[in-house]
Amino acid sequence: MSAFLARIDAELAEIRAADLYKTERPIQSPQAARVSIEGRGGDIINLCANNYLGLADNPELVAAATAALETSGYGMASVRFICGTHDLHRELEKSIARYLGKDDAILFAACFDANGGLFEPLLTDQDAIVSDSLNHASIIDGIRLCKAKRYRYANSDMNELEAALKQARADGARTIMIATDGVFSMDGYLAKLPEIVALARAYDAVVMVDDCHATGIMGERGAGTHVHHGVADGIDILTGTLGKALGGAIGGYIAGPQAVIDLLRQRARPYLFSNALPPMVTAASIKAIELAEKGDHLRARLYANTMKWRSGLEALGFRLLPGEHPIVPVMFGEASVAQAMAKRLYEAGVYVSGFFYPVVPKGQARIRTQMNAALTEDDLDAALAAFGEAGRELKVIS
């Protein structure tokens, strides 16, 4: 074995020894509230999908995808600016823009690519980005690809944000962009968008929000955190995904002013150098937005499930992070405890995943449970019973 591979093997051994090794379990059924997993008899309650509205196996989405597959083929085999743009792409982009209240939108293979391609075309070394410390890895990586000067503030600390804005102005920044998640995915916390917008106006800054964990489920019609907080006019650029509440497939987008979208079509590298989304995904995503807009009944079920789940875990004695979002993190501290808890729950018929370093800080390992509208009360009661039994067995609750 070469020295290179020996070093890699040693690093993998260290990851395993620290109980930080991540495993994958192949699902043999559609993504849903209950799924079938390879090598395991029967179905299992799924509490770790981003399938907030339960649309991943929705028959209308499947029908839309099937119809597009039959009429428009399997893939585009090209990037958008060569011969990869289908009429469905523009229809979806217009649907996204209308849904979110923006001039236009641009599609990417994933929101990771959207965030990776956003900053570099818009900002130079004459500009500044002020970023929340808990922002998603894709925002962090996108900022790293940009030459703008970087400032960071502690999660939702408005005093630190204002100090960074003052410093950026004092340092002579031409344009200042504030970058934040709308919902911080590991904690379920909501960004303080009203305060952020007020500070942006005071310091003439642009506001960018990644709304991946809010689009479809927060605000009127599920349009997102900017609508939920009543500051739609104060958010300049929105990024998001088609891979969570909006059907759970793949694809991301940026929505914003026409000039911004037009420049991104000319300069955003993940857009220019990646294949266009398959027609079947775009067609199903158009239908998903339609269902999300009129999905008040789904959102009502989602938040009823969230309240029942959170109150049930608290009654059992588990330590939760506070919040109102369908992300409900159950805190265990050490990775080994979170891993052991996830293993016991899997054996008991509940599918969850442990989250630990480097996904979350050391000492803050957790199981991030996520509610969705397809879960029944029986599902939640069975999952709560399993959590209680496993928690007592591992002595994390009394």
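In the next few minutes I will go through the overall build of this chain, then two helix pairs, and finally one residue in a strand.

Please keep in mind throughout that what we are looking at is a predicted model. Taking the whole chain to begin with, the secondary structure comes to 15 helices and 15 strands. The radius of gyration is 22 Å, close to the 21 Å that the globule rule gives for 398 residues, so the chain is as compact as a globular protein of that length. If you draw a box along the principal axes, the C-alpha atoms fill roughly 60 × 55 × 55 Å. Buried residues make up 53% of the 398 residues, and among contacts with a separation of 6 or more, 70% are accounted for by residues 24 or more positions apart.

Let me turn to the helix pairs. Two packed helices are described by the angle between their axes and the distance between the axes. For helix H2, residues 59-72, and helix H12, residues 279-293, the axes come within 7 Å and cross at roughly 150°, which means that H2 is roughly antiparallel to H12, since an angle over 145 degrees counts as such. The crossing of these two helices is right-handed. On the H2 side the contact includes Ala64, Ala65 and Ala68, and on the H12 side it includes Ala283, Ala284 and Ala288. Sorted by character, the residues of this contact divide into 11 nonpolar, 1 polar and 2 charged.

The second pair is helix H13, residues 296-316, with helix H15, residues 377-393, which pack at an angle of about 25° with their axes 10 Å apart. That angle makes H13 roughly parallel to H15, and H13 passes H15 in a right-handed crossing. Among the residues making the contact are Arg301, Lys308 and Trp309 of H13, together with Glu377, Asp381, Phe387 and Arg392 of H15. Here the division is 7 nonpolar, 3 polar and 5 charged.

Finally, I would like to point you to Ile44, which lies in strand E2, residues 43-46. Is Ile44 buried or exposed? Its relative accessibility is 0%, and therefore Ile44 counts as buried. Which residues does Ile44 touch, if we leave out those up to four places away in sequence? They are Ala33, Arg34, Val35 and Ile37, and then Tyr346, Gly349, Val350 and Tyr351. Of these, Gly349 is 305 residues from Ile44 along the chain, and yet the C-alpha atoms of the two are separated by 4.8 Å.

Methods
Residues numbered from 1 in each chain as written. Predicted model: local features only at pLDDT ≥ 70, side-chain atom pairs only at ≥ 80, totals over all residues. Heavy atoms only, no water. Axes fitted to C-alpha atoms, helices over the stretch in contact; angles between N-to-C directions. Helix = DSSP H or I, 4+ residues; strand = E, 2+ residues; numbered from the N terminus. Parallel < 35°, antiparallel > 145°, perpendicular 65-115°, else oblique. Left-handed = near helix turned anticlockwise from the far one by under 90°. Contact = heavy atoms within 4.5 Å. Nonpolar A, V, L, I, M, F, W, Y, C, P; charged D, E, K, R; others polar. Rg over C-alpha atoms; globule rule 2.2 N^0.38 Å. Buried < 20%, exposed > 50% of the residue type's maximum accessible area, 1.4 Å probe, protein only.
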